[in-house]
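The following explanation leads through one protein structure, from its overall make-up to some local details. Please keep the sequence and the model in view while reading.

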Amino acid sequence: MPTMRPQTLTSTFLSASRLYTTTASSSTCQATHELLPSNLLKTCAPLTTRTFSTSPLRSKLVSPQAETTASKQEIRIPTPSTPVAMAATSATLLEAFKARRSFYQLNKELPIAADKITSIVQENLIQIPSSFNSQSNRVLVLYGAEHDKLWDITSDVLKPLVPAESWDATAGRNAGFKAGAGTVLFFIDTTVVSGMQEKFALYKDRFPTWAEHSTAMLQFATWTTLEAEGLGANLQHYNPLIDERVAAEWKIPANWQLTAQLVFGGRAGEAGAKDHLPLEETFKVAGA
Ligand SMILES: Cc1cc2nc3c(=O)[nH]c(=O)nc-3n(C[C@H](O)[C@H](O)[C@H](O)COP(=O)(O)O)c2cc1C
């Protein structure tokens with residue numbers, strides 16, 4: 001397989017979804033969502049009448065995020081029925097997924113400009129799907145001294161909680177995170193989730209889980225695309241311990257619930273070895 005420059009890979013990865021512009025019959029699909037149990041929801045897409053454009057110009061004019069809002073209760077389902085010429089192939093995407101690893105040895109020498117990192121994170125935030133396009137994800141990116149402050153706060157919070165004999169190890173881990181150049185903090189807007197629960201009572205119990213799915217997708221995509229640019233990153237979960245301090249320091253609204261912290265920086269070491277369970281234990285296929 002030809003090797004793509006990381007920069008090319010990231011931009012093709014992020015632009016792939018923009019090559020699809022789908023206008024679904026929102027009323028048909030919405031009715032289907034309201035009537036069917038969740039295990040039949042996937043039948044909504046084939047039942048939906050779609051007009052379908054692959055023009056990048058049109059995709060600029062018709063932004064799904066701008067046009068589709070949960071408040072308007074409109075639903076667009078971006079599932080094109082025919083393959084569309086795309087810059088990124090499954091092979092290039094899988095290559096990026098494979099290259100995404102946990103890098104714990106980080107430094108402050110970023111291989112790309114902070115502006116570029118910010119725009120990659122923003123593009124991920126815009127493109128990552130959410131149930132009913134509810135758009136429950138929220139993000140805060142910290143660089144430099146603000147990033148350092150986060151890991152000082154984490155250290156402050158952990159110190160009285162960690163047994164004295166374990167403190168050196170904890171402090172060492174924390175110093176490793178602080179040695180990075182920045183952190184992406186992921187949140188779920190709980191107001192969006194409760195709003196969806198009120199609007200679609202049938203799925204009341206599902207919306208918190210679906211919001212978790214969406215934040216996880218965003219975390220994975222952000223991790224993968226930043227590492228495609230040559231950065232190293234690792235995913236941390238000091239929530240809920242640090243929630244209050246983070247909210248106070250960066251004026252985070254009370255309805256933003258912290259879900260994860262992605263520490264990033266230049267690579268100062270390699271990722272560790274990783275094993276994989278045999279597919280015989282983890283995978284089944286039928287009918288092909
Ligand atoms: C949902 C999830 C939660 C994770 N939480 C942490 C964490 O809190 N701290 C940490 O150091 N790594 C965390 N990781 C990283 C995993 O340990 C790591 O992804 C896994 O061992 C595979 O290694 P790789 O990332 O190099 O492929 C998490 C990963 C996932 C997917």
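Of the 288 residues in the protein, 29% are buried, a residue being called buried if 20 or more other C-beta atoms lie within 10 Å of its own, exposed if 12 or fewer do, and partly exposed in between, with C-beta atoms placed from the backbone. The model is a predicted one, in which local features need pLDDT of at least 70 and side-chain atom pairs count only at pLDDT 80 or more, while totals for chains, interfaces and linings use all residues. Residue numbers start from 1 along each chain as its sequence is written.

The protein has 13 helices and 7 strands; these are DSSP runs numbered from the N terminus, helices being H or I over at least four residues and strands E over at least two. Contacts, meaning pairs of residues whose C-beta atoms, placed from the backbone, lie within 7 Å, often link distant parts of the sequence: among those between residues at least 6 apart, 84% join residues at least 24 apart.

In soluble globular proteins, nonpolar side chains tend to be buried together. Here the largest nonpolar core has 36 residues, and L226, A233 and F264 have the most contacts inside it. Such a core is a set of buried Ala, Val, Leu, Ile, Met, Phe, Trp, Tyr and Cys residues joined through C-beta atoms within 7 Å. At least two of its residues come from each of α7 (114-127), α8 (144-158), β5 (182-189), α10 (190-199), α11 (207-228) and β7 (256-267). Helix α11 supplies the largest share, 6 residues. Leaving aside residues up to four places away in sequence, F264 touches G180, A181, G182, V184, L226, L231, G232 and A233.

Helix α11 also meets helix α6 (residues 90-99): their axes come within 9 Å and cross at roughly 95 degrees. The axes are lines fitted to C-alpha atoms, for helices over the stretch in contact, and the angles run from 0 to 180 degrees between N-to-C directions. Because of this crossing angle, α6 is roughly perpendicular to α11, a description that covers 65 to 115 degrees, whereas angles under 35 count as roughly parallel, over 145 as roughly antiparallel and the rest as oblique. A96, F97 and A99 of α6 and T224, E227 and A228 of α11 make the contact. By class, it has 4 nonpolar, 1 polar and 1 charged residues; Ala, Val, Leu, Ile, Met, Phe, Trp, Tyr, Cys and Pro count as nonpolar, Asp, Glu, Lys and Arg as charged, and the others, Gly among them, as polar.

F207 also belongs to α11. F207 is buried, because 23 other C-beta atoms lie within 10 Å. Apart from residues up to four places away in sequence, F207 touches S131, V193, M196 and Q197. From C-alpha to C-alpha, F207 and S136 are 10.0 Å apart in space, although 71 residues separate them in sequence. V192, in helix α10, lies 15 residues from F207 in sequence and 9.4 Å from F207 in space, C-alpha to C-alpha. V192 is likewise buried, with 20 other C-beta atoms within 10 Å. Beyond its neighbours within four places in sequence, V192 is in contact with S134, Q135 and S136.

Most residues other than glycine have a negative phi, and most peptide bonds are trans. F132, in the loop between α7 and β4 (137-143), has a positive phi of about 55 degrees although it is not a glycine. N133 is in the loop between α7 and β4 as well, and its phi is also positive, near 50 degrees. F132 is buried, with 21 other C-beta atoms within 10 Å, whereas N133 counts as partly exposed because it has 18 C-beta neighbours inside 10 Å. A cis peptide bond, with omega near 0 degrees, runs from N239 to P240; P240 is found in the loop between β6 (232-236) and α12 (243-250).

Finally, the ligand is surrounded by R101, S102, N234, L235, Q236, H237, A271 and K274, a residue being near it if its C-beta atom, placed from the backbone, lies within 6 Å. This shell divides into 2 nonpolar, 4 polar and 2 charged residues.

Technical notes:
Two residues are in contact if their C-beta atoms, placed from the backbone, lie within 7 Å.
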